[in-house]
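Welcome! Here is a short tour of a structure you may be seeing for the first time. Take a look at it, and then read on.

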Amino acid sequence: MKYKIITIICIFCVAMFSNNVHANNYNEGISYSNYAANFVKIPFRATLEPFRGDQKGIKRNLIIATGVGLTLAYDQDIRDYVQDEVYGGSNSLSRFLYNVGSKDYAIPGFLGVYAISAISGNRYFFDTMNLSFQSFLITQMFTEITKGTVNRIRPRNSPDDPFNREDDAQSFFSGHASGTWAVATVFAQRYPSFQIPAYTLATSVSLSRVYEDAHWMSDVLVGSLVGYGIARLTIRLNDAYPNNQVQVSPVFDGDSVGATIGFRW
């Protein structure tokens with residue numbers, strides 16, 4: 001069963017991404033010297049993001065803080081509702097979603113698609129896999145550091161206290177959620193036509209962790225936000241948006257203020 005799932009994922013990814021509209025006009029690719037440097041730049045920038053002082057950054061951080069705070073406050077209620085009213089036992093869908101995010105399935109599947117992208121001759125596809133790998137690796141670094149620092153107990157082991165902690169506990173935040181969003185967001189940004197299935201899969205994998213009583217809702221929310229944010233930084237710092245990406249840039253010329261709109265073909 002394990003290898004059937006991996007095969008299906010590989011075939012699905014190749015069918016979706018090997019023949020894409022962007023590859024036809026994709027010549028230069030990403031800069032791999034810049035790509036290597038971004039293994040340092042991305043974590044540094046990600047660490048500074050919560051402390052942004054510009055208006056956009058403050059507004060975004062307030063919204064995130066409010067959402068996470070409310071989720072923390074209602075973690076117990078959400079967990080009890082899901083387990084008492086929604087949970088119907090493990091089924092084929094929940095097992096599939098669990099396997100998509102587990103290391104035993106995700107890593108072989110990812111490596112299989114990576115190998116296919118390397119031999120396909122499709123530079124856009126291969127670059128996308130490299131960006132996914134970078135996003136995933138950096139996200140998991142943040143995940144493991146946070147888990148080892150917070151030491152929050154999983155709800156299945158502490159069903160009546162979402163703030164219970166002990167050494168080596170691994171609940172906060174969800175690695176399934178962060179890793180899936182780190183990869184799915186890169187593909188969604190690089191292949192805009194597939195944003196809905198990519199984000200739907202990431203959301204489903206994340207929510208399955210609450211369904212299986214493996215994580216509190218706040219674990220899943222924070223993990224999803226971290227994966228999404230790291231992926232967006234990965235795309236931005238590697239200048240890896242699709243070739244037809246619209247760019248809007250501010251222009252300041254003396255007393256005049258305006259904007260330019262550019263289209264990348």
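Helices here are DSSP runs of at least four residues (H or I), numbered from the N terminus. One of them is helix H5, residues 92-101, where Phe96 is found. Keep in mind that this is a predicted model.

Let us begin on the surface. Phe96 joins Leu93 and Leu201 in a nonpolar patch there, and together they have about 260 Å² of accessible area. Phe96 itself is partly exposed, with a relative accessible area of 34%.

Now for the inside. The largest nonpolar core has nine residues, including Phe110, Tyr124, Met129 and Phe187. Helix H6 (103-120), helix H7 (123-150) and helix H8 (175-190) each give two or more residues to this core. Another core, of eight residues, lies apart from it, with Tyr35, Leu131, Val186 and Tyr241 among them.

Charged side chains come next. The whole structure holds eight salt bridges, including these:

| Pair | Closest N to O |
|---|---|
| Arg60 and Glu49 | 2.7 Å |
| Arg152 and Asp75 | 2.8 Å |
| Arg79 and Asp213 | 2.9 Å |

Arg79 sits in helix H4 and Asp213 in the loop between helix H9 (195-211) and helix H10 (217-237), 134 residues apart. Both Arg79 and Asp213 are buried.

Arg152, in the loop between H7 and H8, is 77 residues away from Asp75 in helix H4 (residues 75-86). Arg152 and Asp75 are both buried.

Glu49 is buried, at 14% relative accessible area, whereas Arg60 is partly exposed, at 29%.

Terms used
Residues are numbered from 1 along each chain as its sequence is written. This is a predicted model: local features need pLDDT of at least 70, side-chain atom pairs count only at pLDDT 80 or more; totals for chains, interfaces and linings use all residues. Side-chain values use heavy atoms; hydrogens and water are left out. Patches are made of residues with over 30% relative accessible area and no salt bridge: like charges are joined within 9 Å, nonpolar side chains (Val, Leu, Ile, Met, Phe, Trp, Tyr) within 5 Å. Accessible areas come from the Shrake-Rupley method with a 1.4 Å probe; for residues, only the protein chains shown count as cover. A salt bridge is a side-chain nitrogen of Lys or Arg within 4 Å of a carboxyl oxygen of Asp or Glu. Buried means under 20% relative accessible area, exposed over 50%, partly exposed in between (1.4 Å probe, protein chains only). A nonpolar core is a set of buried Ala, Val, Leu, Ile, Met, Phe, Trp, Tyr and Cys residues joined through side-chain atoms within 4.5 Å.
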